[in-house]
Amino acid sequence: MEQLSSSPPDKQYWEAGGNCNMAIAAARLGLKCVAIGHVGNEIYGKFLEDVLQAEGIGMVGMSEETDVLNAPSSSYETLLCWVLVDPLQKHGFCSRADFSKEPVFSWMNTLSEEVKRAIKRSRILFCNGYDFDELSPHMIISAVEYTVEVGTSVFFDPGPRGKSLLSGTVEEQKALEHFLRMSDVLLLTSDEAESLTGLVDPILAAQELLRKGNRTKWVVVKMGPKGSILITKSGITCASAFKVKIMDTVGCGDSFVAAIAYGFIHNIPLVTTLAFANAVGAATAMGCGAGRNVATLKQVVELMETPDLNEDDKFWNELLREHLDSQKVTFLSKMVLNGSNGRMKHVTLQKVVSELLPKLKSSQLEGTLSS
């Protein structure tokens, strides 16, 4: 790892990653974003700062000067993740966090006043499970508690780390439980929902997470090529994925989350928000890689102008059959149907697109004028 860092590959292979994927995707949708974290003073930190600045994203450092003085020099460096790709284009990820029992930036002890101001001014604080690789459980809990205190919404995507945190240290387990209870929106795959609840049915798993949450309003389950589900206490919303030629799935989930945040902030109808998130994720999948390669607003608009859904009626009928008697279900459909069918309400893709496109094209025009 040290040898790789000291002899870096050509800059054309460098890319921002992690939560920066979500921030870049959100900024491209027109949301004002600030990245909260730590970068070092070396070439990698400068590169990351330049990328964020070019995307119109602010940067707030988490470390106080006293933290830096007390930290070993190596632990103050920017955290790098090496993406290993085999001939079949399968990805593996490796960073120094994988070789340490302690979080990479465990020397951070308190939230700086600048970080607190950034959280207080924001509508959403987004975190994911990989934050545990960088920050101590104490710091993570402090950030969540302060976010709740000032009225900012918490979005949490546990990711693959959720399962390992369940069997992690006592402090990690407490911090994960705190996230799950205090988040306004939880975002996870069906496999991750199962690992956190023990329930195979993604709808039942989401309802269990809702039941245990103190503040949870939405649980969003990503179903891969099938689509996605958004569960609230009052109902279930489902949307099939968009049919596109997939080049690379890296960054798709982060792009999806950015669109969910857009819908949450702008109070867009749930089925429209879910369809939009599927579209943004699909537009990213048509490219290659994450960071600056996530979907642009122009690409999302182009996809939604000629949309097609990857519908799988058998899958959805089997999934929803046991829930129709107890829950109101809203479903995104390609074909025009006559409104509701019992407790199932069908919303056409055409209706969703006609509602979204004017907003997106207006944002696109504003972005063009401002740049």
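**The α12–α13 helix pair and its surroundings**

In this predicted model, one helix pair makes a good starting point. From α12, the residues Cys 252, Ser 255, Phe 256, Ala 259, Ile 260, Tyr 262 and Gly 263 meet a set in α13 made up of Thr 273, Leu 274, Phe 276, Ala 277, Asn 278, Val 280, Gly 281, Thr 284 and Ala 285. Sorted by class, this contact between α12 and α13 has 10 nonpolar residues and six polar ones, with no charged residues.

As for how the two helices sit against each other, α12 spans residues 252-265 and α13 spans residues 270-285. Their axes lie 8 Å apart, and the helices pack at an angle of about 150 degrees. Angles over 145 degrees count as roughly antiparallel, and α12 and α13 are therefore roughly antiparallel to each other. The crossing of α12 past α13 is right-handed.

Between α12 and α13 runs a loop, and Asn 267 has its place there. With a relative accessibility of 68%, Asn 267 counts as exposed, because the cut-off for that class is over 50%. Its backbone is worth a look too: the phi of Asn 267 is near 55 degrees, a positive value in a residue that isn't glycine. For context, most residues other than glycine have a negative phi.

On the other side of α12 in sequence, there's the loop that links it to β10 (235-240), and Val 244 lies in that loop. Val 244 counts as partly exposed, because its relative accessibility is 22%. Setting aside neighbours within four places in sequence, Val 244 is in contact with Ala 282, Met 286 and Leu 303. Take Ala 282: this residue is 38 residues away from Val 244 along the chain, yet the C-alpha atoms of the two are separated by 6.7 Å.

Stepping back to the whole chain, the secondary structure comes to 16 helices and 13 strands. The radius of gyration is 21 Å, close to the 21 Å that the globule rule gives for 371 residues, so the chain is as compact as a globular protein of that length. Taken along the principal axes, the C-alpha atoms fill a box of roughly 65 × 45 × 45 Å. Buried residues make up 50% of the 371 residues. Contacts that reach far along the sequence also show up in the totals: among contacts between residues at least 6 apart in sequence, 71% join residues at least 24 apart. The pairing of Val 244 with Ala 282, which are in contact, spans 38 residues along the chain.

Note on methods
Residues numbered from 1 in each chain as written. Predicted model: local features only at pLDDT ≥ 70, side-chain atom pairs only at ≥ 80, totals over all residues. Heavy atoms only, no water. Axes fitted to C-alpha atoms, helices over the stretch in contact; angles between N-to-C directions. Helix = DSSP H or I, 4+ residues; strand = E, 2+ residues; numbered from the N terminus. Parallel < 35°, antiparallel > 145°, perpendicular 65-115°, else oblique. Left-handed = near helix turned anticlockwise from the far one by under 90°. Contact = heavy atoms within 4.5 Å. Nonpolar A, V, L, I, M, F, W, Y, C, P; charged D, E, K, R; others polar. Rg over C-alpha atoms; globule rule 2.2 N^0.38 Å. Buried < 20%, exposed > 50% of the residue type's maximum accessible area, 1.4 Å probe, protein only.
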